[in-house]
Amino acid sequence: KIALVLAETRRYMEQHLDERLTIPVLSRRALLSTTTFKKGFRRLYGLPAHTWLRQRRMERAAELLRIPGLSLEGVAKAVGYSSVSQFAAAFRRQYGLSPGQYRKNT
């Protein structure tokens, strides 16, 4: 049962990458305690929920950077960052390149 609830929550996270998703919000949505949510998510997906979410946001950002004409601000907002500088720092940590460098290389 918990696996089904967590799978549904993960799908929700996928579809709402642009929103502020916190562990308390996600655990309430799943009707689980934060501890149960965090332990269950890590057991099922092999990563803490916040790490999985950050990685998925960066993967989506990389996809969006391949779209000509989409601004860095647009990409940042689409993956849940209100600041381009915060987005760029997170992207660089994930890929070792700035979003602009990544875009030039793809």
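## Two helices that pack together

Helix α1, which covers residues 2-15, packs against helix α4, which covers residues 49-65, at an angle of about 35 degrees and with 10 Å between the two axes. The structure described here is a predicted model, and the values that follow are computed from it. Angle and axis distance are the two quantities by which a pair of packed helices is described. In the case of α1 and α4, the handedness of the crossing can be added, and this crossing is right-handed.

The residues that make this contact are R10, M13 and E14 on the side of α1, and A49, W52, L53 and R56 on the side of α4. Sorted by character, the residues of the contact between α1 and α4 divide into 4 nonpolar and 3 charged, with no polar residue in the group.

## The chain as a whole

The chain has 7 helices and 0 strands, so that, as one reads along the sequence, the pattern is α-α-α-α-α-α-α. Measured out along its principal axes, the C-alpha trace of the chain spans about 45 × 20 × 20 Å. This span, like the other values, is computed from the predicted model and not taken from an experiment. Of the 106 residues in the chain, 34% are buried. Where contacts join residues at least 6 apart in sequence, 53% of those contacts link residues at least 24 apart.

## Salt bridges within and between helices

The count of salt bridges comes to 6. One of them joins R56 and E14, whose side chains meet with 2.8 Å from N to O. Since R56 belongs to helix α4 and E14 to helix α1, this pair ties together parts that are 42 residues apart in sequence. Both R56 and E14 are also listed among the residues through which α1 and α4 meet. Are the two partners buried or exposed? R56 counts as buried, because its relative accessibility is 14%, whereas E14, at 30%, counts as partly exposed.

R56 has a further partner in E59, and in this salt bridge the closest N and O atoms are 3.4 Å apart. Both E59 and R56 lie in helix α4, where 3 residues, or about one turn of the helix, separate them. E59 is partly exposed, with a relative accessible area of 37%. Through salt bridges that share partners, E14, R56, E59, R60 and E63 are joined into one network.

Helix α1 also holds a salt bridge between R11 and E8, with 3.2 Å between the closest N and O atoms. These two residues are both in helix α1, 3 residues apart, which is about one turn of the helix. R11 is partly exposed at 44% relative accessibility, and E8 is likewise partly exposed, with a relative accessible area of 35%.

## Aromatic pairs

The count of aromatic pairs comes to 8. Among them is the pair of F37 and F41, which is tilted, with 5.9 Å from centre to centre and 40 degrees between the planes. F37 and F41 both lie in helix α3, which covers residues 34-45, and they stand 4 residues apart, about one turn of the helix. F37 is buried, with a relative accessible area of 0%, and F41 is buried with a relative accessible area of 0% as well.

Another pair is formed by F91 and Y102, and its geometry is edge-to-face, with 5.3 Å from centre to centre and 75 degrees between the planes. Because F91 lies in helix α6 (residues 84-95) and Y102 in helix α7 (residues 99-105), the pair ties together parts that are 11 residues apart in sequence. F91 is buried, with a relative accessible area of 0%, and Y102 also counts as buried, at 12% relative accessibility. Ring pairs link F91 and Y102 with Y81, F87 and Y95 into a cluster.

## A histidine in a loop

H16 lies in the loop between α1 and α2, the latter covering residues 23-29. Although H16 is in a loop, this residue counts as buried because its relative accessible area is 19% and the limit for buried residues is under 20%. Which residues does H16 contact, leaving aside its neighbours within four places in sequence? With those neighbours left aside, H16 is in contact with L21 and R57.

Note on methods
Residues numbered from 1 in each chain as written. Predicted model: local features only at pLDDT ≥ 70, side-chain atom pairs only at ≥ 80, totals over all residues. Heavy atoms only, no water. Axes fitted to C-alpha atoms, helices over the stretch in contact; angles between N-to-C directions. Left-handed = near helix turned anticlockwise from the far one by under 90°. Contact = heavy atoms within 4.5 Å. Nonpolar A, V, L, I, M, F, W, Y, C, P; charged D, E, K, R; others polar. Salt bridge = Lys/Arg side-chain N within 4 Å of Asp/Glu carboxyl O. Buried < 20%, exposed > 50% of the residue type's maximum accessible area, 1.4 Å probe, protein only. Phe/Tyr/Trp six-rings, centres within 6.5 Å; stacked < 30°, edge-to-face > 60°.
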